[in-house]
Each structure stands twice: as C-alpha cells, then as structure tokens.
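User: Please take a close look at the part of this model where the ligand is held. A connected account of that site and its surroundings would be welcome.

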Amino acid sequence: MTQKFRMGLIGTGRIGRVHAMSINALDNATLEWIADPFIAGAEATAAEFGGKVTTDPAEVFASGEVDAVIIASPTPTHVALIEAAIDAGIPALCEKPIDLDIARVDALRAKAAASPVPIVLGFNRRFDPHFDEVKRRVDSGEIGSIEQLAITSRDPAEPPAAYVAVSGGIFRDMTIHDFDIARFFIPEIVEVTARGTNTFSRDIEAAGDYDGVAVILRGSKGETITILNSRHSSFGYDQRIEVFGSKGMLQAGNIAPTSVRSFNAESVEGLAPYQNFFLERYADAYRLEIAEFLRGVAGEPFRSPSFDDGRAALILADAATESAKSGATVAVELA
Ligand SMILES: NC(=O)c1ccc[n+]([C@@H]2O[C@H](COP(=O)([O-])OP(=O)(O)OC[C@H]3O[C@@H](n4cnc5c(N)ncnc54)[C@H](O)[C@@H]3O)[C@@H](O)[C@H]2O)c1
C-alpha cells in the first residue's frame, strides 16, 4: 500500500490554497493540519480539502500528527518557521523567498545545512514538465554545451499597491523565480547586470519599484543568461525559455488552454489567450514539486531546490537590485 504522508499547511492565502489543492491531488498525501491566524481562511481550506485547524503553527509542529509541512505564510515568517520545523524534526517545503534580508538567511544557513530532515524551497518552475524536459534534454547532451539562456517572464497584470509595498521589490519578488531557473541550467553565476524600467505603472513607480526589468547574468564558463520581466502582459501570462547550445537550441513556449485554432477573413492561426496566471500555468509543477519533496521525506533520492538554492537566488536578486540602482555590473559569490 502507498504510504500516506500526513501534511501540515501553514498559511492559506493565494499559494497556500494551491498547495492544499496539490496535496489533495496526490495519492500519497493527506492534509492533516492547517495553521493560519486568519482562522476563516484555515476553516475554508479545511472544509474543501480536510484537516484540523489552528491559529498557531506551533500546534502543528507539536501535534505529533504531521510527517511534513509546507510553509506558505508571508515571507517575514519563513525563517522562524523553518527553524521550528528543524527543531521539531519535521521536513519542510518553504515558499520563496526564504527572507528579504540575506543576513537573516545566512544566520540560518548552518542550521539548515545540519538539518537531519529535508528543508527545501518552493521554486516550482523547476518541476514544470516543459522546462524539466528541456533540462533533461540539455543534460543528455542534445544541444552540446550551453552558450546562452533566454528567460522571459511577464505577469498578466500588476499586483495591488499594498502587495508591491511589502514585496521587497521586483527582483526579490518576481525575478527570483527566473534567477532560480537560470541556476537550474547554469548553477555557477559570477556576475549580474540589471536595469529597471517604469513604463506603465505610476503606482509601482510611486512605491520606488520597477514595472519591468532586464537582467544579464554571466556564468562561470562565460555563458550569457538574459531575463526579461514585466508586471503586465496584454495577451496573458508569458512564460518562455530558450537554451542555445553548441549543437542546437531547445525552446519551451507558452501554453494555451486549448490547441484549437480559428481561421477566418480577419485572422489565421487564431488561438485562445494563454493560461491566465501561475495557478493555471504551473498547476502540474506545484503538484510535482510536492511529490518530489515527499520522495525526500521518504528517504529516497530527490532533487528539490535546497535552502542554498534559495539563498543563491536571493543573492542574485540583491545584486540585481544594486546593479539597477548604481548602473554597474556586480560580481557575486554564490558558494
Ligand atoms: N511559488 C510561487 O509561485 C508563489 C506564488 C505566490 C506566493 N508565493 C510566496 O508564498 C508566500 C505567501 O504568499 P501569498 O501570496 O499566498 O500570501 P497571502 O497574503 O495571500 O497569504 C498568506 C496567508 O498566511 C497567513 N499568515 C500570516 N501570518 C501567518 C503565520 N505566522 N502563520 C501561518 N499563517 C500566517 C495569512 O493570514 C494569509 O492567509 C510568500 O512568501 C510569497 O512570496 C509563492
């Protein structure tokens, strides 16, 4: 019989509900405990997906009734909750970023490294079946050695001003996923050059943030990585990668909800707009990231992004923030 892992979920906001849905879709996991100080959120999630509720995450860790937890509460709570998980000996998958302050991440690094239980980061895009296929084919040598990687990531619409105010800036909030995808293909990055633009959102500009960014990263073997982000896209969530190598190129493009195309007097090849946002586009990835984490929980070989992957992405985000401000290229040390 398949072992059923009893899961604790901490935080039931946007991404917490996605994780509850993913746990529900896995045949080797059950949602056992849910913690959220906003108890109505926990109760609504429990009503849909099961589980006991509490306002206090400590009750989940002390329950003796969970085999693993998912930390999906706001970023400033992550460091203390990872520590609580390690202290309780409970494996944890924590949402990105670990924290907005690299000093707090560094202070936890040794403890995370010494943790006897897996502590992994929620960089779900590594588990997108399309990006993962590109990665497997690159690793098989199909396109030779990587020379260039191009990542495009545009959200459908800008977030609310209240979200922007506490996000830590576009590089730490949004580009952080792309920094991780960059390192999925090219782990050793040595240099960051970034520019930020304010082309359409007065709200984002007023918050001192950018509504679009362009980043160039340099890998240790001289590879070039470009990242383009925008906080809006009139045609929907725009998520593409292209890996160019010495023997060829692999691309993974956008996905429409249907492959049906229309042809008429006004247009040809008419396709429905792309999937709206991360909930739809990365639904498989969110489920597969938990499945991979549970392989680690079971003591099997697994390849979930580590605490140090989370730290590396934050170092790159900090360097990009600095580069966009100063105009200079910033050298980074990720080890
Ligand atoms: N991987 C992704 O694609 C992705 C997408 C969105 C958000 N995130 C990350 O997930 C985290 C949560 O983001 P969100 O958009 O779901 O936020 P949200 O504001 O929608 O939800 C956060 C929830 O956590 C609850 N909460 C607050 N303090 C808590 C605590 N101490 N313990 C337990 N619950 C607590 C809140 O009441 C709320 O219900 C952030 O770190 C964010 O960066 C990741």
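How far is an oxygen atom of the ligand from an N or O atom in the side chain of Arg14?

Analyst: The distance between an oxygen atom of the ligand and an N or O atom in the Arg14 side chain is 3.0 Å, which is a polar contact (a pair of N or O atoms within 3.5 Å). The model is predicted, so local features are taken at pLDDT of at least 70 and side-chain atom pairs at pLDDT 80 or more, while totals for chains, interfaces and linings use all residues. Residues are numbered from 1 along each chain as its sequence is written, and side-chain values use heavy atoms, without hydrogens or water.

Two further polar contacts involve oxygen of the ligand. A polar side-chain atom of His78 is 3.3 Å from a ligand oxygen, and a polar backbone atom of Lys96 lies 2.9 Å from one. On its own the ligand has 860 Å² of accessible area, of which the protein covers 80% (Shrake-Rupley method, 1.4 Å probe).

The ligand is surrounded by 25 residues, the closest being Asp36, Thr75, Glu95, Lys96 and Tyr286; a residue belongs to this shell if one of its heavy atoms lies within 4 Å of the ligand. The shell comprises 11 nonpolar, 10 polar and four charged residues, where Ala, Val, Leu, Ile, Met, Phe, Trp, Tyr, Cys and Pro count as nonpolar, Asp, Glu, Lys and Arg as charged, and the others, Gly among them, as polar.

The ligand occupies the largest pocket, in the sense that more than half of its atoms lie within 2 Å of the pocket's grid points. A pocket is an open set of points on a 1 Å grid over the protein atoms alone, where a 1.4 Å probe fits, with protein on both sides within 12 Å along at least five of seven lines; lining residues have an atom within 4 Å of a point. Its volume is about 960 Å³, the space filled by probe spheres set on points joined across faces, edges and corners. It is lined by 42 residues, and Arg14, Ile15, Lys96, Tyr163 and Asp173 are the closest to its centre. The lining divides into 22 nonpolar, 11 polar and nine charged residues. Helices H1 (14-25), H4 (78-88) and H7 (161-166) each contribute at least two residues to this lining; helices are DSSP runs of H or I with at least four residues, strands are E runs of at least two, and both are numbered from the N terminus.

Lys96 deserves a further remark on its backbone. Most residues other than glycine have a negative phi, and most peptide bonds are trans. The bond from Lys96 to Pro97, however, is cis, with omega near -20°. Pro97 belongs to the loop that connects strand E5 (92-94) with helix H5 (102-113).

Technical notes: A polar contact is a pair of N or O atoms within 3.5 Å; within protein, one must be able to donate a hydrogen and the other to accept it, and residues adjacent in sequence count only if both atoms are side-chain atoms.
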